[in-house]
Amino acid sequence: MIIETEGLKKLYRTHLVETTALDSVNFSVDVGQFVSIMGPSGCGKSTLLHILGLIDTPGEGHYRFLGEDVTRYPESKRAAIRKRHIGFVFQSFNLIDELTVCENVELPLVYAKTPARERQAKVDAVLERMDIGHRRDHLPGQLSGGQQQRVAVARAVVHQPNLILADEPTGNLDSEHGAEVMKILVKLHEEGTSIVMVTHSTDNAAYAERTVRMLDGRILAEQRPGQAS
C-alpha cells in the first residue's frame, strides 16, 4: 500500500469562523492504483490532496506513506519525500514563464541534486515520451494549453515518482487536449505509477479504477467502473 490515512481531520480557523475541511477521513491507495476523487467545491478534495502530497499537515489522525508514518514529520523530511517519491500536476500548469520547456522539466532533478549529465538524459527521454521534444527551447507562453500541460506532466514524472497527484489536470483544456492528458496518465498508471486525481469530470473519473466521492469533508462512497452510482 502506498497511501493509508486514519481519522484525518483538518480545521481552518479565523477569529469569526471555524471551517471543517476534513472530518475523520480514512483513505487508502494500493501501489500502482489509479483513484479519482470527486465532490462539490469546498468538500475537502484539494485539502486531502495537499496532505497526501505532504504540502499540508492534518490537525488530527495519521498518514502513512509507503508504510511510514509521516504525519508529524518536519518540513525538511516532508520535502525530501516529495522530491524523491511524488509528482504534482495542477490545473494551472504552474510553469515558470522565464524558463524554457527543458529548464522547467529539469527543475525537480536540480532540486534533487541529480548530476548534470543524468539530468539531461532524463529530460530528453521524458520530452520525447510526451511528444514535446520539438518544443524544448520554447518558453511556456509560446505553447498551447495542451502543450503546456504535457510539459507539466513531463516535469511531474521526470524523476520517476511512485505517486502522481493531479488536481483538475484537464480543467483549463478543451476536450481534445484534455483527453490527450488523460491518456498520458492512463499510460503512466499502466506502467505501475500510483495516481490520485481530483476532478469534477465524470468522464475523467471513469479512467480510474476507483472513484471516491466526498461531501463536507467526509468520504461518502466509493465506486468502481461498471458499478451503479
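Trainee: What makes α3 and α4 a contact in this model?

Mentor: The model is predicted. Contact means heavy atoms within 4.5 Å. In α3, V101, C102, V105, E106, L109 and V110 meet R119, Q120, K122, V123, V126 and L127 of α4.

Trainee: Which classes do the residues of that contact of α3 with α4 fall into?

Mentor: Eight are nonpolar, one is polar and three are charged.

Trainee: Why is α3 called oblique to α4?

Mentor: Take the angle. The axes of α3 and α4 (residues 116-129) cross at roughly 125 degrees and come within 10 Å. Roughly perpendicular covers 65 to 115 degrees, and roughly antiparallel needs over 145. The angle fits neither range, so α3 is oblique to α4.

Trainee: How do you know that α3 and α5 are not oblique as well, but roughly parallel?

Mentor: Their axes cross at roughly 30 degrees and come within 7 Å. Angles under 35 degrees count as roughly parallel. Therefore α3 and α5 are roughly parallel to each other.

Trainee: Which residues make that contact of α3 with α5?

Mentor: V101, N104, V105 and P108 come from α3, and V151, A154 and R155 from α5. By class, five are nonpolar, one is polar and one is charged.

Trainee: What makes α5 and α6 roughly parallel?

Mentor: Use the cut-off of 35 degrees again. α5 and α6 (residues 175-190) pack at about 15 degrees, with axes 9 Å apart. That angle is under the cut-off, so the two helices are roughly parallel.

Trainee: Which residues form the contact of α5 with α6?

Mentor: α5 gives G146, Q149, R150, V153 and V157. α6 gives H177, E180, V181, I184 and L188. The contact has five nonpolar, three polar and two charged residues.

Trainee: Which hand does the crossing of α5 with α6 have?

Mentor: Right-handed. α3 also passes α5 in a right-handed crossing, and α3 passes α4 in a right-handed crossing too.

Trainee: Now the largest pocket. What makes a residue part of its lining?

Mentor: A lining residue has an atom within 4 Å of a pocket point. For the largest pocket, 16 residues qualify. I86, F88, P108, Y111 and R155 lie nearest its centre. The pocket holds about 450 Å³ of space.

Trainee: Which elements give two or more residues to that lining?

Mentor: α2 (75-85), β6 (86-90), α3 (101-111) and α5 (145-157) do. β6 gives the most, with four residues.

Trainee: How many lining residues are nonpolar, polar or charged?

Mentor: The lining has 10 nonpolar, three polar and three charged residues.

How values were computed: Residues are numbered from 1 along each chain as its sequence is written. This is a predicted model: local features need pLDDT of at least 70, side-chain atom pairs count only at pLDDT 80 or more; totals for chains, interfaces and linings use all residues. Side-chain values use heavy atoms; hydrogens and water are left out. On a 1 Å grid over the protein atoms alone, a cavity is a set of points where a 1.4 Å probe fits but cannot get out, and a pocket is an open set with protein on both sides within 12 Å along at least five of seven lines; lining residues have an atom within 4 Å of a point. Grid points are joined across faces, edges and corners, and a volume is the space filled by probe spheres set on the points. Ala, Val, Leu, Ile, Met, Phe, Trp, Tyr, Cys and Pro count as nonpolar, Asp, Glu, Lys and Arg as charged, and the others, Gly among them, as polar. Axes are lines fitted to C-alpha atoms, for helices over the stretch in contact, and angles run from 0 to 180 degrees between N-to-C directions. A crossing is left-handed if the near helix is turned anticlockwise from the far one by less than a right angle, and right-handed if clockwise.
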